[in-house]
Amino acid sequence: MDEVFSYSKRFFDLPIKEKMKLLRNKKNRGYTPVLDSQLDPINQVHGDYKEGYYIGVEVPDDDSDAEKPFYTPNVWPSTDILPGWRQTMETYHREALEVAKAIARLIALALELGGNFFDQQEMLGKPIATLRLLHYEGLISDPTKGLYGAGAHSDFGFITLLATDDVAGLQICKHKDAKPQIWEHVKPLKGAFIVNLGDMLERWSNLMFRSTLHRVLGNGQERYSVRPF
């Protein structure tokens with residue numbers, strides 16, 4: 001995990017010209033610049049104050065799965081610029097997926113489905129697993145003016161394993177349908193995972209598990225996070 005954060009910082013420290021050479025492609029691999037995404041367009045005046053990098057399941061072009069929407073070769077920085085970067089990210093992607101499967105077994109038991117329910121081939125046998133590196137600029141958010149590090153949203157997948165540095169910024173709303181919404185700070189805990197439940201799990205569990213509405217408010221400090229979805 002420490003290596004991933006170190007390599008992530010090294011990438012985002014590159015000149016913008018170098019990062020733009022790796023701009024996200026149509027299959028959602030590669031670099032996304034600041035303001036690229038707007039997660040809460042109703043309340044945001046422009047995009048999020050963050051930049052990111054998407055890494056997915058590595059599938060060669062000549063593989064039959066490459067025709068599917070979310071399977072493709074990844075976009076990798078040159079080894080001349082960032083030696084060892086690809087190997088570190090692939091290792092983390094693989095290990096994080098094992099953690100996600102372990103958590104899925106706990107969820108299956110809670111749903112009284114049997115611990116291996118999600119291990120079945122038709123469930124998580126070939127998951128669409130995406131690793132996203134994020135860097136929040138050292139800007140200050142102001143919800144009253146529609147300025148956010150990341151606008152309010154819930155993740156659309158099964159679960160997200162969020163690892164952060166020691167800089168605060170994440171907020172959650174436990175009761176997303178409440179009026180008004182109550183936002184609570186989540187204290188960063190370096191080396192641990194924050195588990196966000198996604199919209200797909202909410203639907204699959206028939207609302208027994210609710211997806212987590214969350215956002216990020218910048219406080220003037222740079223912030224890094226790593227999210228396997």
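## The annotated stretch

Over residues 127-229, the chain is 6% helix and 35% strand, and the C-alpha atoms at its two ends sit 10 Å apart. That range comes from a UniProt record: an unreviewed entry carries the annotation "domain: Fe2OG dioxygenase" for residues 127-229. Please keep in mind as you read on that this is a predicted model.

## Overall build

Stepping back to the whole protein, you will find five helices and ten strands. Along the principal axes, the C-alpha atoms fill a box of roughly 50 × 50 × 30 Å. The radius of gyration is 18 Å, which agrees with the value near 17 Å that a compact globule of 229 residues would have.

What share of the 229 residues is buried? Buried residues make up 48% of them. The contacts tell us about sequence distance too: among those with a separation of 6 or more, 72% are between residues 24 or more positions apart.

## The largest pocket

Now for the open spaces. As a general point, rolling a probe the size of a water molecule over the atoms shows where empty space is left. In this model, the largest pocket holds about 1000 Å³ of space. Its lining is made up of 41 residues, and the closest to the centre are Ile128, Thr130, Phe156, Gly157 and Phe229.

Which element supplies the largest share of this lining? That is H3, with six residues. Several other elements join in: strand S2 (50-55), H4, strand S3 (131-136), strand S4 (150-153), strand S5 (159-164), H5 and strand S10 (223-228) each supply at least two residues, as does H3. Sorted by class, the lining of the largest pocket has 26 nonpolar, eight polar and seven charged residues.

## The second largest pocket

The second largest pocket has a volume of about 240 Å³. Of the 16 residues that line it, Gly56, Val57, Glu58, His93 and Leu97 lie nearest its centre.

Helix H3 turns up here as well: it gives the most to the lining of the second largest pocket, with four residues. By class, this lining has eight nonpolar, three polar and five charged residues.

## Backbone details worth a look

Where does Pro180 lie? It is in the loop between strand S6 (170-173) and strand S7 (184-185). The peptide bond leading into this residue, from Lys179 to Pro180, is cis, with omega near 0 degrees.

Two residues stand out for their phi angles. Glu112 is not a glycine, yet it has a positive phi of about 60 degrees. You can find Glu112 in the loop between helix H3 (85-110) and helix H4 (121-125). Is Glu112 buried or exposed? With a relative accessible area of 73%, Glu112 is exposed, because exposed means over 50%.

Asn206 is another residue other than glycine with a positive phi, near 55 degrees. Its place is the loop between helix H5 (199-204) and strand S9 (213-216). At 67% relative accessibility, Asn206 counts as exposed.

Note on methods
Residues are numbered from 1 along each chain as its sequence is written. This is a predicted model: local features need pLDDT of at least 70, side-chain atom pairs count only at pLDDT 80 or more; totals for chains, interfaces and linings use all residues. Side-chain values use heavy atoms; hydrogens and water are left out. UniProt positions are given in the numbering used here, feature names are shortened, and annotations may be inferred rather than shown by experiment. Buried means under 20% relative accessible area, exposed over 50%, partly exposed in between (1.4 Å probe, protein chains only). On a 1 Å grid over the protein atoms alone, a cavity is a set of points where a 1.4 Å probe fits but cannot get out, and a pocket is an open set with protein on both sides within 12 Å along at least five of seven lines; lining residues have an atom within 4 Å of a point. Grid points are joined across faces, edges and corners, and a volume is the space filled by probe spheres set on the points. Ala, Val, Leu, Ile, Met, Phe, Trp, Tyr, Cys and Pro count as nonpolar, Asp, Glu, Lys and Arg as charged, and the others, Gly among them, as polar. The radius of gyration is taken over C-alpha atoms; the globule rule is 2.2 Å times the number of residues to the power 0.38. Contact means heavy atoms within 4.5 Å.
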